[in-house]
Amino acid sequence: MRSTPPAATNGPWRARQRVGGRQSWGALDDVWRGGQSLLTAFLTERYEFAWRRHSTGTMYFVPHGTKHIGATMIGGHFATALVAKQQSPAGPLAFYLVISQLPDLLWHGLHFLGVEATSPSNPMLVSLDNMQAEMTYSHDLLPTVLWFVVAVLAGRALFGGWRPGITAGVLILVHLLCDAVSGHTHHVFGPESPAIGLGLYATAPFVALGIEAIFTATMMAWVFATDAKNGVRRSRATLGVWAAVFGGGLLMMLPSANLSLVEMTGLAPIEALSGLFVPGVVVLYATIFAALLWAESRPTTQRTLPPTS
């Protein structure tokens with residue numbers, strides 16, 4: 001006996017199937033399931049998944065032509081804060097860390113308010129190329145201009161000079177540019193306005209991660225070069241934290257570039273985890289914040305610089 005999956009309500013849909021390490025796409029009408037198969041639908045406000053355990057792999061359905069819009073690089077943004085602290089030491093690292101990730105922090109808050117809802121909500125179903133969130137107010141171009149002004153004025157007001165303010169503003173602009181090059185697509189203002197960015201997380205996630213790796217390495221090379229110029233030698237603890245945050249973070253993202261945990265393992269999604277994706281991201285960001293601040297607090301030693309002629 002064979003039966004077709006239930007008709008899509010938001011059609012047209014397509015199916016992605018993992019078979020022998022390969023991915024194949026087909027129209028929904030071409031996919032069937034046995035009468036004894038289990039089909040469970042996970043429905044969120046903006047995204048719908050249906051999955052089943054299959055003898056040849058895990059199969060699930062996603063809306064055909066879905067816009068993949070969402071958060072972008074993590075480590076690279078944090079690395080820019082380290083550069084900012086060196087170039088404008090009047091501002092504390094904590095301030096630059098917050099500003100470097102301000103659009104993402106706004107996204108987290110707006111998600112919980114239901115304004116920029118993110119899906120899939122279950123972390124077991126998330127991969128870089130399937131995450132969705134229309135980040136109109138946190139990441140689109142026109143709001144970013146506002147966040148730029150806020151960052152500049154905050155730096156000026158809090159730390160008594162324009163240099164910290166301008167540095168903070170540059171962090172906002174760099175965040176926008178990094179997202180445009182290696183992240184998901186954003187817009188001028190709202191989903192009906194022109195799109196901004198290459199959208200590599202959706203179309204070429206491994207290329208996006210490669211770009212992030214190069215950018216992060218460039219930022220860290222800048223940090224090390226500035227340290228060498230100033231005769232600063234970082235502690236092993238600091239270097240270890242940086243390696244874990246920037247190197248380890250990228251390595252951990254590689255498996256989930258185009259595969260969710262469900263796809264990688266064939267496990268059924270744990271329903272109790274539904275709604276925990278963004279809270280998990282918030283915990284991740286908080287952990288990185290704490291780790292980088294702790295690393296910055298480790299004592300440094302001063303090398304004797306050669307005399308300048």
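Student: Which are the buried residues of H2?

Tutor: This is a predicted model, in which local features need pLDDT of at least 70 and side-chain atom pairs count only at pLDDT 80 or more, while totals for chains, interfaces and linings use all residues. Residues are numbered from 1 along each chain as its sequence is written, and side-chain values use heavy atoms, with hydrogens and water left out. Helices are DSSP runs (H or I, at least four residues) numbered from the N terminus, as are strands (E, at least two), and buried means under 20% relative accessible area, exposed over 50% and partly exposed in between, with a 1.4 Å probe and protein chains only. By that criterion the buried residues of H2 are Leu93, Phe95, Tyr96, Leu97, Ile99 and Ser100.

Student: Why is H2 described as largely enclosed by the rest of the structure, and which elements do its buried residues pack against?

Tutor: Six of the eight residues of H2 are buried, so this helix is largely enclosed by the rest of the structure. Taking contact as heavy atoms within 4.5 Å, the buried residues of H2 pack against H1, H3, H4, H5 and H10.

Student: Which element gives the most to the largest nonpolar core?

Tutor: A nonpolar core is a set of buried Ala, Val, Leu, Ile, Met, Phe, Trp, Tyr and Cys residues joined through side-chain atoms within 4.5 Å. The largest has 40 residues, and those with the most contacts inside it are Phe78, Ile99, Trp242, Phe246 and Leu292. The elements that give two or more residues to this core include helix H1 (75-87), helix H2 (93-100) and helix H10 (277-297). The element that gives the most, with eight residues, is H10.

Student: Which residues does Phe78 touch, not counting residues up to four places away in sequence?

Tutor: Phe78 is among the residues with the most contacts inside the largest core. With those sequence neighbours left out, Phe78 touches Leu97, Ser100, Gln101, Phe246, Tyr285, Ile288, Phe289 and Leu292.

Student: Is Val145 of the nonpolar patch buried, partly exposed or exposed?

Tutor: Patches are made of residues with over 30% relative accessible area and no salt bridge (a side-chain nitrogen of Lys or Arg within 4 Å of a carboxyl oxygen of Asp or Glu), nonpolar side chains (Val, Leu, Ile, Met, Phe, Trp, Tyr) being joined within 5 Å and like charges within 9 Å. Val145, Val149, Leu153, Trp162, Ile166 and Val170 form such a nonpolar patch on the surface, with about 540 Å² of accessible area together, computed by the Shrake-Rupley method with a 1.4 Å probe, only the protein chains shown counting as cover for residues. Val145 is found in helix H4, and H4 and H5 each supply at least two residues of the patch. With a relative accessible area of 46%, Val145 is partly exposed.
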